[in-house]
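User: I am learning how descriptive terms are justified from a structure. Could you take me through some of them with this one?

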Amino acid sequence: MARVAIVTGGTRGIGAAISISLKDAGYKVAASYGGNDEAAAAFKEQSGIAVFKWDVGDFAACKSGIARVEAELGPIEVLVNNAGITRDAMCHRMEAEAWRAVISTNLDSVFNMTRNVIEGMRGRGFGRIVSISSINGQKGQMGQSNYSAAKAGLIGFTKALAQENAFKGITVNAIAPGYIATEMVKAVPEEVLKTKILPHIPVGRLGEPEEIARCVTFLASDEAGFITGSTLTANGGQYMA
Ligand code: NDP
């Protein structure tokens with residue numbers, strides 16, 4: 001029987017590559033998204049992957065969304081916490097709303113999703129939870145105190161959850177990507193990319209979404225059962241944690 005996987009924010013960018021990689025590896029995949037119906041419909045059309053809309057920052061919405069996914073596809077065995085946003089500002093100018101939005105979507109979401117699948121995983125004696133952190137959660141980034149806090153918090157959560165569930169056949173890991181060529185990063189002017197970003201990446205290029213997707217698919221596999229509580233860094237050598 002194919003295992004069931006859910007990827008939050010699985011309709012665009014890195015998440016879309018993860019959804020497709022898991023599908024190609026034989027999983028039944030659900031991709032969730034927050035509001036961009038057009039992108040989700042196009043992704044569903046192209047990939048044949050089921051899409052589900054809810055706000056991952058909302059606990060009750062996660063609970064009912066997961067119930068819908070499980071009714072359609074079966075019990076969730078792989079959870080990929082990928083949905084994320086940025087609301088950049090220097091802390092001394094940051095609005096409280098920008099702090100709250102980023103913590104809600106990038107960190108509360110990880111609890112909201114995990115809490116609603118973990119009991120089922122424990123009961124069945126198998127689970128894989130992979131959460132997408134960031135290089136900026138490891139090293140901090142000026143203008144991103146909210147984002148860096150959320151992405152670092154996710155790493156602590158991963159280590160605690162890994163300890164709580166290791167003996168239940170559940171592994172819990174994080175991936176910390178560097179700069180990945182998604183729409184967001186591709187929108188950076190060529191000149192800025194060449195002079196300010198690429199010189200700091202020893203491999204000399206941006207990462208591809210598929211390179212992060214391969215990390216997820218490996219950590220989700222049955223063969224990765226001895227890896228738990230770890231953070232896999234995939235950043236072209238930009239920061240060696
Ligand atoms: P994108 O902006 O391309 O896609 C984000 C996805 O998350 C979309 O599917 C979006 O849905 C969904 N999403 C956003 N907010 C919510 C919400 N409240 N509820 C449900 N879904 C939501 O992001 P990326 O692919 O660039 O990034 C993916 C992850 O990787 C993020 O966690 C990001 O922080 C992390 N990351 C990215 C890096 C990069 O270089 N791109 C580097 C390091 C980490 P919708 O389409 O409806 O908006």
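User: What makes strands E2 and E3 a pair?

Analyst: In this predicted model, strand E2 (residues 28-33) and strand E3 (residues 50-53) run parallel and are joined by four bridges. Pairing requires at least two bridges, so with four bridges E2 and E3 count as paired. Within this pair, alanine 31 stands opposite valine 51 in E3.

User: Why is the β-α-β crossover from E2 to E3 called right-handed?

Analyst: The chain passes from E2 through helix H2 (residues 37-47) to E3. The crossover is called right-handed because, with the strands pointing away from the viewer, the path from E2 over H2 to E3 runs clockwise.

User: What makes the approach of lysine 151 to the ligand a polar contact?

Analyst: An N or O atom in the side chain of lysine 151 is 2.8 Å from an oxygen atom of the ligand, and since the limit for such a pair is 3.5 Å, this one qualifies. For glycine 9, a backbone N or O atom lies 3.4 Å from a ligand oxygen atom, which is also within 3.5 Å. The protein covers 89% of the 900 Å² of accessible area that the ligand has on its own.

User: Which residues are closest to the ligand?

Analyst: Among the 29 residues that surround the ligand, the closest are Arg12, Gly35, Asn36, Asn82 and Tyr147.

Conventions:
Residues are numbered from 1 along each chain as its sequence is written. This is a predicted model: local features need pLDDT of at least 70, side-chain atom pairs count only at pLDDT 80 or more; totals for chains, interfaces and linings use all residues. Side-chain values use heavy atoms; hydrogens and water are left out. Helices (H or I, at least four residues) and strands (E, at least two) are DSSP runs, numbered from the N terminus. A residue is near a molecule or strand if one of its heavy atoms lies within 4 Å of it. A polar contact is a pair of N or O atoms within 3.5 Å; within protein, one must be able to donate a hydrogen and the other to accept it, and residues adjacent in sequence count only if both atoms are side-chain atoms. Accessible areas come from the Shrake-Rupley method with a 1.4 Å probe; for residues, only the protein chains shown count as cover.
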